[in-house]
Every structure is written in structure tokens, then in C-alpha cells.
Amino acid sequence: MTQTKSAHRSVRPLVLVVHGPNLNLLGTREPNIYGTTTLRQIDDDLTTQGDRLGVAVQCFQSNHEGAIVDRIQQSHGRVAGLIINAGGLTHTSVSLRDAISAIKVPTIEVHLSNLYAREEFRHRSMLAPVCLGQIAGLGAIGYRLALEAMARLVLKQDFGPLPHRSDSSPAKSRAATSSKQGAARK
């Protein structure tokens, strides 16, 4: 039975979940902003949800930009999708953006807090232009929502046409624009 279950899991599409700097401190780091859920709880929940949704989930965390870039590059040709919370690297890392772009898999950016309700420097994502979408401000449940969307994408459960950005310059999210001014604009 164990061999069958293991073999069954190996044919499932693999979704890589990458957690960036300081996310290893979840549960104790600024719980008023990031909540009390630990990274281990998030990873365990994603693995369970992946089983339910028909995808395999592999989680990785590092406080080192180069290690994250290496892990993303190593996944080229091996993963069906990427979910990433790059933490503070979201706002600064061209290298991380380029690694995501290079592997050419659907990518969803996740943030526990609402970046657009925080400091101005957090309002810009270097990753957003190379991601299909972004989920921010919903706490740990944002990871689960990202996994549900990714499972549908990689299992070809059609949502309709995927959005495509023609420009690749870093931009503020439409959510930031709409929450501040009441209407989305390009």
C-alpha cells in the first residue's frame, strides 16, 4: 500500500512553495502583522491540501537570496508551478525576478500582510510582472488560495484565458491602485 501511494504521488504535478527571509520566524515575529500561524503549520497544511487537490507540494525556506535563486533554477523542468512569498526580497531582488522568469512556469506571489496598507517601499513588487497573480493581506489562508488556483492551472481545470502582461517592468499591483483611488487602472 505504501509503495502504491508513493508511486501515485510521483505522477502528480509538483508545486514548489518558496518562503523567503524571516518567514522561518512566523508565529513569533510581529504576530499583529503576520499572525500566529507558524511556517511549519503552513507547510503541513499545503501538503495536506495538495493531496486533496491532486498535486504534490514541496516547500523550501531560506534567508539567503542566492539559495532561493538556486532552488528556483534547480526546479526548471521539474515543477509544474511555483508559489512564492519572497518576503523583503519582493521589493529589491532583480535576481529573483530573473530566476522566476527563466523557469517559465506559472507563478503566484503570496504575502501574509497587505503590502499596500504598509510602508511605501513595500508597495512595489519586483516579482509581480513575471507572476500570474498576487495574493496579499489574507494571512496564512493566502497560501491555500494560491495552491487551489495553482492546482487548477496545472491540472488544466480551465479558468478561461490566462492574463498576460506585455510589459515586464516592475509595477505596482492594480490592487494598490484600486484600493487607494477606488478604481483599477492600467
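Colleague: Quick one to start: is Glu148 buried, partly exposed or exposed?

Modeller: Glu148 comes out partly exposed, with a relative accessible area of 32%. Keep in mind that this is a predicted model.

Colleague: Fine. Which residue does Glu148 form a salt bridge with?

Modeller: Arg52. The closest N and O atoms of Arg52 and Glu148 are 3.8 Å apart. Arg52 sits in helix α3 and Glu148 in helix α6, residues 141-154, so this pair ties together parts that are 96 residues apart in sequence.

Colleague: And Arg52, buried or exposed?

Modeller: Exposed, at 54% relative accessibility.

Colleague: How many salt bridges are there in the whole structure?

Modeller: The search finds five. One of them joins the side chains of Arg12 and Asp51, at 3.2 Å from N to O.

Colleague: Where do Arg12 and Asp51 lie?

Modeller: Arg12 is in the loop between α1 (2-10) and β1 (14-19), while Asp51 belongs to helix α3, which covers residues 39-53. That bridge therefore ties together parts that are 39 residues apart in sequence.

Colleague: What about accessibility for Arg12 and Asp51?

Modeller: Arg12 is buried, with a relative accessible area of 16%. Asp51 counts as partly exposed at 29%.

Colleague: Which elements hold Asp44 and Arg40?

Modeller: Both are in helix α3, four residues apart, which is about one turn of the helix. Their side chains meet in a salt bridge too, at 3.4 Å from N to O. On accessibility, Arg40 is exposed at 61%, and Asp44 is partly exposed at 39%.

Colleague: Switching to the inside. Which residues touch the most other members in the largest nonpolar core?

Modeller: Leu26, Leu46, Val55, Ile83, Tyr143, Leu147 and Met150. The core has 22 residues in total.

Colleague: And which elements give two or more residues to that core?

Modeller: β1, α3, β4 (107-111) and α6. The largest share is from α6, with seven residues.

Colleague: Let's look at Leu26. What is Leu26 in contact with, leaving aside neighbours within four places in sequence?

Modeller: Leu26 is in contact with Tyr34, Thr37, Thr38, Leu39, Ile42 and Leu112. There is another core as well, lying apart from the largest one.

Colleague: How many residues does that other core have?

Modeller: It has 18, among them Leu16, Val69, Leu96 and Cys131.

Colleague: Cys131, buried or exposed?

Modeller: Buried, at 10% relative accessibility. Cys59, by contrast, counts as partly exposed at 27%.

Colleague: Since we're on cysteines, how many disulfides does the count come to?

Modeller: Zero.

Colleague: OK, back to the outside. Which residues make the nonpolar surface patch of about 260 Å²?

Modeller: That patch is made by Leu138, Ile141 and Leu145.

Colleague: Where is Ile141 placed, and how accessible is it?

Modeller: Ile141 is in helix α6. At 47% relative accessibility, Ile141 counts as partly exposed.

Colleague: So α6 keeps coming up. Can you recap what we have on it?

Modeller: Sure. Helix α6 gives seven residues to the largest nonpolar core. Glu148 in α6 pairs with Arg52 in α3, and Ile141, also in α6, is part of the nonpolar patch with Leu138 and Leu145.

How values were computed
Residues numbered from 1 in each chain as written. Predicted model: local features only at pLDDT ≥ 70, side-chain atom pairs only at ≥ 80, totals over all residues. Heavy atoms only, no water. Salt bridge = Lys/Arg side-chain N within 4 Å of Asp/Glu carboxyl O. Buried < 20%, exposed > 50% of the residue type's maximum accessible area, 1.4 Å probe, protein only. Core = buried A, V, L, I, M, F, W, Y, C linked by side-chain atoms within 4.5 Å. Contact = heavy atoms within 4.5 Å. Patch = residues over 30% accessible without salt bridge, like charges linked within 9 Å, V, L, I, M, F, W, Y side chains within 5 Å. Areas by Shrake-Rupley, 256 points an atom, 1.4 Å probe, with all protein chains shown as cover. Disulfide = S-S within 2.5 Å.
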